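Let's take a walk through this structure and see how its chains meet. Have a look at it first, then read on.

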There are 2 protein chains.
Amino acid sequence: MNAIKELREIFAEIMRFNYISSLLNWDQEVNMMNYKSVKGRSKQMSLIRKLNHQRITSEKVGKLIKEAEKLTLNEIDNAMLREITREFNLETKLPEKLVVDIAETSVLAAKDWREAREKSDFSIFENILEKIVELQKEKALKLDTHPDLYSTLIDLYEPSATYEWIANIFNPIKPKLIDLVKKLNSSSDRPDDSILKKHYDEDKQFELSSKIIKKLNFDFGMGRQDKVVHPFTTSLASMDVRITTRTSEPFPDCITSTIHEYGHAIYEMGIKKELHDTILCTGASMGIHESQSRMWENIVGRSKEFWTYWYPTFQKYFPDNLKNYPLDDFHRAINIVQPSFIRVNADEVTYGLHIILRFEIEKDLMEGKIQVSELPEVWNTKFEELLGIVPPNDAMGVLQDVHFSAGLFGYFPTYFLGNLYAAQIYSKALEQMPNLPEDYKKGEFSNLLSYLKENIHQYGSIYRAKDLIRRVTGEDLNSDYFLKYIEKKYISIYRL
Amino acid sequence: MNAIKELREIFAEIMRFNYISSLLNWDQEVNMMNYKSVKGRSKQMSLIRKLNHQRITSEKVGKLIKEAEKLTLNEIDNAMLREITREFNLETKLPEKLVVDIAETSVLAAKDWREAREKSDFSIFENILEKIVELQKEKALKLDTHPDLYSTLIDLYEPSATYEWIANIFNPIKPKLIDLVKKLNSSSDRPDDSILKKHYDEDKQFELSSKIIKKLNFDFGMGRQDKVVHPFTTSLASMDVRITTRTSEPFPDCITSTIHEYGHAIYEMGIKKELHDTILCTGASMGIHESQSRMWENIVGRSKEFWTYWYPTFQKYFPDNLKNYPLDDFHRAINIVQPSFIRVNADEVTYGLHIILRFEIEKDLMEGKIQVSELPEVWNTKFEELLGIVPPNDAMGVLQDVHFSAGLFGYFPTYFLGNLYAAQIYSKALEQMPNLPEDYKKGEFSNLLSYLKENIHQYGSIYRAKDLIRRVTGEDLNSDYFLKYIEKKYISIYRL
């Protein structure tokens with residue numbers, strides 16, 4: 001057996017352990033609320049993590065990588081070797097103890113964070129967050145792939161992206177977003193979203209969300225949809241992709257966030273069979289992944305054409321609220337732009353500001369410019385600067401996201417990158433298929449899906465994000481597409 | 001660190017892997033109906049199994065066992081060493097390939113069995129069942145702990161029990177059960193169970209079943225109750241015990257089967273902390289485990305006193321059916337004795353015959369006296385002999401139980417042993433606390449639970465079943481208690 005085949009087999013097992021970790025995590029999120037058993041789970045999680053660390057960093061893997069480098073490889077094997085080498089290089093820099101500590105701490109922190117958020121009391125979370133920040137700094141120091149710690153962490157989720165590269169993209173957008181929000185809010189013809197504040201039965205919402213993703217070709221034979229507090233998507237095998245839905249937030253969050261998770265899931269479901277059980281059976285980067293979820297959620301799922309098709313069904317499900325309410329007003333309502341506290345509920349314009357806030361805070365936290373204990377205050381101050389409002393409590397402020405508890409520093413910026421990628425990719429798709437919006441009116445969504453599958457999904461992580469965006473759109477990431485998209489859309493909705 | 005401490009640590013990890021396996025299995029049963037992903041799951045399952053096999057059979061474990069044997073050990077460490085030695089001896093006899101084959105096959109077989117049962121077509125299941133039987137025979141041959149293959153398999157679930165020992169217990173009971181069934185069915189005052197055939201809302205049933213186990217002190221902080229097709233209980237950590245409930249069967253199966261699973265769960269929940277994460281953190285044997293579930297399900301859960309307390313609640317939940325229906329008639333209805341096709345729905349008298357049927361068939365199958373292809377016919381013929389009726393199709397016949405698909409040959413007899421253990425233990429509890437039934441009338445169930453916790457649950461598997469029954473009741477397993485219990489109960493219910 002040659003070296004690349006052997007590596008493929010070793011990493012098939014490593015992937016299996018990763019999938020098992022994902023199940024441990026999925027189960028914790030979906031089923032293990034307030035459990036005494038969280039300690040047992042944290043030990044199981046760290047055990048799998050330790051084992052995988054040992055496997056990835058084994059001498060044998062190192063030896064096989066050197067051998068494989070001498071072979072002439074096809075495109076897939078070449079990409080596989082690139083990713084395996086990356087994993088090997090990263091993991092070998094991390095001491096086993098650190099790896100285990102991080103895994104155990106994140107399970108325990110999930111519980112503390114949940115409690116802190118329920119009670120809106122940052123102090124419950126503070127101690128363990130300090131530990132998490134220390135562990136992440138230590139991890140970044142050991143990995144040392146970039147001169148600054150934060151870039152090293154960002155690179156884990158968006159390979160080869162740095163703080164500077166992202167700052168150069170975000171900084172010019174920031175004032176434009178702030179201006180656009182102001183401009184829209186000064187319109188004399190603002191949408192009225194009071195219709196969304198009425199009561200919508202939660203079971204019916206869930207049922208509708210399932211109906212929609214079914215129509216969007218979510219394959220329930222290789223996936224599930226469960227109810228949960230904080231929605232997410234995870235793969236438990238190459239053909240076991242699970243999304244989660246929340247029904248408790250203001251309508252139609254259940255629908256839009258389910259479409260969002262669908263966007264992640266359909267990416268994973270579309271990866272070609274050849275890549276199953278390999279290290280390439282995942283998205284190109286977190287930013288590219290997010291481009292798919294945000295494209296379906298917003299560009300498609302909040303478009304007038306999408307609702308032209310679906311609104312009659314919604315009117316049937318909620319006649320008391322919607323029967324006599326015009327589609328046009330409904331479409332405007334779900335696209336209202338207004339600063340709000342919760343990132344995942346934010347509209348397309350303010351969303352980026354939520355991310356920029358986190359991006360800047362994380363950078364300062366990693367550089368030691370701010371301390372964990374200062375986070376609530378820093379958060380609120382910055383929130384007012386960017387969004388003009390101050391969170392009334394920690395639950396609506398610094399405690400709203402699960403990410404810090406999971407130690408995912410460097411992850412947030414990929415969300416906004418996702419928006420930018422999405423607009424650029426969608427613009428290209430529209431160029432080739434100008435009739436896409438007409439499709440949606442007829443409940444026809446497979447043309448866009450085929451395009452994405454053909455150009456993005458099938459390849460898994462064969463191509464790096466930067467190469468992929470160039471392959472698909474012919475140019476590097478360019479935020480103009482996003483800016484044009486939101487300006488055009490919102491100027492029209494706000495009748496300016 | 002001395003040898004026993006080191007073994008304890010090694011087996012803490014092994015237990016963790018077992019718990020992870022249990023999660024993989026729980027998730028498959030609860031969440032993965034008809035999944036394309038079953039193949040991925042089977043690979044994950046066999047990977048964990050392989051790993052644990054390697055760990056248990058490592059040279060280091062063998063060396064530590066020898067060292068530990070020289071130490072003077074306290075009772076717990078002594079029992080731990082006994083169980084570790086047993087595991088080591090068993091596993092070292094099994095080739096890794098066999099272990100992996102069995103694990104993979106059982107996941108795939110679960111899918112085929114489910115499909116076969118849905119379509120009531122044994123031929124869908126036949127091929128994989130043949131493979132399973134061959135694998136189990138091979139396993140028994142390798143283990144070779146008893147002269148006959150079936151005893152070797154029985155011993156895995158009921159340590160040191162043999163085919164002969166069980167046959168000597170079951171054989172004299174068999175004609176007595178057949179006679180009792182005839183006698184009861186010839187009564188001129190048989191219970192009328194038509195009330196159970198009315199419609200009972202499934203959600204309300206589930207709600208009531210949760211209410212009952214809560215009252216019985218099931219700790220929802222360290223456990224869950226989920227809906228499923230085939231109810232079972234599993235532990236995913238020392239403090240993560242999950243039961244499953246089915247609502248689809250004739251009323252009040254949802255209630256009685258939930259109490260049954262509760263009986264298993266409360267056993268696991270009651271094991272003392274000292275034994276957590278050790279090999280002793282489980283029941284003494286499957287028979288003893290089943291004694292707890294059957295005791296709560298039948299001796300308590302089908303008693304007049306239990307229903308004296310609960311019936312008014314049920315009348316409130318189902319007024320159309322029960323408001324004007326007398327408690328006495330309801331109690332007689334849920335205790336009707338009549339031959340039926342599905343084991344888990346069988347009454348306390350015919351239940352043993354269902355087990356004896358399986359016990360005899362499994363023995364012949366393992367000895368090669370019958371072939372897999374003959375199973376449906378053999379099943380039906382024997383069913384008529386023992387229960388006087390013939391299953392109308394395979395789903396109601398040979399396909400009804402999940403056990404064959406999981407390769408659990410030798411497991412069934414422990415169910416009936418459980419009934420026998422239960423009657424004997426309960427008789428002792430009653431001797432010490434004659435007021436127990438009066439407790440139930442008042443909704444007071446903690447005295448029985450305390451007795452069981454004190455005498456059985458806390459010890460986990462420190463004591464072997466045979467020693468435990470002697471400790472608790474002062475004598476060996478004695479089926480007279482069971483026979484007296486059912487005769488007294490049913491003669492009264494049938495007014496003979």
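What follows is a tour of the contact between the two chains.

A bit of housekeeping: this is a predicted model, where local features need pLDDT of at least 70 and side-chain atom pairs count only at pLDDT 80 or more, while totals for chains, interfaces and linings use all residues. Residues are numbered from 1 along each chain as its sequence is written, chains are lettered from A in the order in which they are written, and side-chain values use heavy atoms, leaving out hydrogens and water.

Start with how the copies sit. A turn of 180° and a shift of 0.1 Å along the axis lays chain B on chain A with an RMSD of 0.0 Å (a least-squares fit on C-alpha atoms of residues with pLDDT of at least 70 in both). That is the relation of a two-fold axis. Both copies use the same surface, and 100% of chain B's contact residues recur in chain A.

Now for the contact itself (heavy atoms within 4.5 Å): chain A and chain B each put in 35 residues. Together they bury about 2900 Å², with 58% from carbon and sulfur atoms; that's accessible area, 1.4 Å probe, lost on being put together and summed over both. B:Tyr35, B:Lys36 and B:Leu47 supply 19% of what chain B buries against chain A, more than any other three residues.

There are also 8 salt bridges across the interface, meaning a side-chain nitrogen of Lys or Arg within 4 Å of a carboxyl oxygen of Asp or Glu. One of them joins B:Asp219 to A:Lys36, with the closest N and O atoms 2.4 Å apart.

Note on methods: Buried area is the accessible area (1.4 Å probe) that two parts lose on being put together, summed over both.
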